[in-house]
Structures are given as C-alpha cells and as structure tokens.
Amino acid sequence: MTKQLIFCVESDSRAKEASMKDTHELVKEYYSSASTENDGQLATSVCCCSSHGMSRQVKEISAQLPDEILTKYYGCGSPLPDVLEGCTVLDLGCGTGRDCYVAAKLVGPSGRVIGVDMNDDQLAIAEKYHKEMATRWGFDNVEFRKGYIEDLKSAGIPDGSVDVVISNCVINLADEKQKVFSEIWRVLKNGGELYFSDIFADRRVPDEINHDPVLLGECLGGSMYVEDFRRMLYKAGWNDYRVVSCTDVPINNREIEERVGNIGYTSDTIRAVKLPDLIEDAAENYGQFVRYDGGIPEHEHSWSLDMNHTFIKDLPVSVSGNTCAMIQHTRFSRFFTVFGDRSHHFGWFEEPEACCSDDGGSEGCC
C-alpha cells in the first residue's frame, strides 16, 4: 500500500470517527434539552411513546412507573416480546429506563436487565428511581451502564451473554448501524433474539436530512431504508428476519413534513433470531408442521410469530424450515409440538411477505 493510499485510508477513518462523534453529540444535546428544558416534549409525534402496540400486561406494568420516566422517555413502539421470564435482556438506548423497568418485572427475580445509553441526563432519571422500582417489584435485577450501542464490548457486554436484545427507536440515531447489528449478533446467545422497534424509510434518506439536528433527533434523519436494513442484517449474520408490526408514522408538524418531502416513514417492530446453522436465506420446505399448544400469557387461543404467522391453538400448520427453527430452537419451543425434521427437502416454501397496515394489525399480504 503506498503512502498516499495509507494517508487516504487514515483520513477517511478519522472523518468517519469525527462524523460519528458529531452525531453522538447532536443526539445527546437534543434529548438532554428535551429532558431538562422542554418538559419532555419533542417537535413531532414520531418518537413520542404511546400505548399503541402494548400488550395488556405491559400497559399494566407501565402504569406503575413514575411519571418522569414516562414523560421523558422517547420511542416508537413497545419492543417487549413474550416469554421473558428468567431471560437476560439488554436494552440499547435505554433512556430514562421505561422499557428496562417493565422488562425487569417480566423477567422476574431469576432474570436480568441491562440498559445502555450514552446520555447522562437520561441515565440520571433512570438511576433516580432505581431503589424505588426495586422496592416496588420486590427484587433488584436492573443495572444501567453508560456506553455506545456501536461498541457494547466497552460497556462490558460479553460474547453470547444475552437472551434478548431490545431497542426502542434508537438504532436510527446510530451513525454506524452496521457496527450496531454486528455487536448485537456478538452478544446474543445462540437461539437469542433481537426484538426492536424503529422508524424506517421507503427510500434512502438524503444527507441533508440525516445531518439536520432536529430531524435526526426526531428520528426522521437517520431512518433506515428497509432494503439497506435487510442487507445490514445479512452482513451481520441474519439470513432472515420477521416484521411483527408495521404502521404509518404521523409527523404532526407541517414545517417538518415540508422538510422531509415525499419520504414515507413507518414504525416497525422487528424480530430476528440468531440461529446461524439453521436459518437459511430462503424459505425451504422440509415437510414440517407445528402446533401451538397454548400457554403463552395473554395468548391462550392463538399466538403470532410475526405479521404473517399466527398459530391457532391445537391446529397443526405447515411451516418453512426457518419458521420451524424460530420456534423449535428458542424459548418458545415448550409451547409448541413440532412434527417432522430436515431429513427430506421438498423445494422452496412459499411464504407471504409482510406489508404495512394503517392500523398496525396483524393481517398479512396475499
């Protein structure tokens, strides 16, 4: 490599580091200002949490949290999957700790919750209520760490130590998203799950929007184009992922709507399971069936893996090898009976593609 080329590579690396640092500082400043000066209010309704998408259990637990945690917490969904008891959960960009404290109740005294955030003001609010929430739940299984989601090793998260990674409208704020997904893959156990909510765009967002402090803080700048997201997951190790919910995003600010133009935004909840030896890059048919036997809380009669896979209790249904693996080799296995194995291959399995619905329902596409 010539000196000139070395100089160019080093310059490019320094430029990327500076850009990431600038993004971090912009995000910190924006959310600190909202937390300390604007009564928790943002300029749009994109990242303002509501009860939309929450299960009854999550709503009931959230209602027991201090008001300050709720009003100064920002997100676009409810990335808390089913069957968390006893799990180790990692919350990326935990903010004031809303999802951490809810997850703490769900995982119970045998589980553990770790929240990571780079914002001192938000972490201060989370820590402020630590003892109070431990007393309220009857156990202390939560810890908060300052760190960057692009570098979880520096935050002390070991390889293969986490059952479930959650995140609520935060990955869009990361400048180097590929690093985020690679880190998530590293810390997840085999059979572990990434389950997160975020804002997605129907095209690549222009740099002038991505670098605008307001649009970035409002989760419009930095939003992932869905196909680039798929490519990043694939590069990190995931051959398949599932859309759990997808709804159109209201901005409710005419000035900002004009600035983003025709870009279409959605709030999506995504499920991606780490099973590198079993999840293939296409849906394959091995003649397998699964039967939901019931037992998942609040889902006694049916349970949905994603927008296109709802399993009715006691009804065996044909599934692809990937779908079967996501059930058979994860924490959901005890609620299902699996018929068949991978000893015979019958070609491609035709599965419907997920699509968005305005009401966030679980109806699939034909």
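These are my notes on the cores and cavities of this structure, which is a predicted model.

**Entry 1, the main core.** I started with the nonpolar cores. The largest one has 33 residues. I looked up which members have the most contacts inside this core, and got Leu90, Val165, Phe181, Ile184, Leu194, Phe196 and Trp238. Next I checked which elements feed this core. Those giving two or more residues are the strands β1 (88-92), β2 (112-117), β4 (162-168), β5 (188-201), β7 (242-248) and β8 (265-273), along with the helices α7 (177-187) and α10 (226-236). Helix α7 gives the largest share, 5 residues.

**Entry 2, Phe181.** I picked Phe181 for a closer look, since I had it on my list of core residues with the most contacts. Which residues does Phe181 touch, once neighbours within four places in sequence are set aside? I found Ile171, Leu194, Phe196, Met224, Phe229, Met232, Leu233, Ala236 and Trp238.

**Entry 3, another core.** I also noted a second, separate core of 29 residues. Among its members are Cys100, Ala103, Ala104 and Phe144.

**Entry 4, cavities.** How many cavities of 30 Å³ or more does the structure hold? I got 2. I took the second largest, with a volume of about 30 Å³. Its lining is made up of Tyr101, Ala104, His130, Met133, Ala134, Trp137, Phe139, Asp140, Asn141 and Val142. Two or more of these lining residues come from each of α4 (98-107) and α6 (130-137), and α6 has the largest share with 4 residues. Sorted by class, I have 7 nonpolar, 2 polar and 1 charged residues in this lining. Ala104 turns up twice in my notes: in the second core and in this cavity lining.

How values were computed:
Residues numbered from 1 in each chain as written. Predicted model: local features only at pLDDT ≥ 70, side-chain atom pairs only at ≥ 80, totals over all residues. Heavy atoms only, no water. Core = buried A, V, L, I, M, F, W, Y, C linked by side-chain atoms within 4.5 Å. Buried < 20%, exposed > 50% of the residue type's maximum accessible area, 1.4 Å probe, protein only. Contact = heavy atoms within 4.5 Å. 1 Å grid on protein atoms, 1.4 Å probe; cavity = no way out; pocket = protein on both sides within 12 Å on 5 of 7 lines; lining within 4 Å. Points joined across faces, edges and corners; volume = space filled by probe spheres on them. Nonpolar A, V, L, I, M, F, W, Y, C, P; charged D, E, K, R; others polar.
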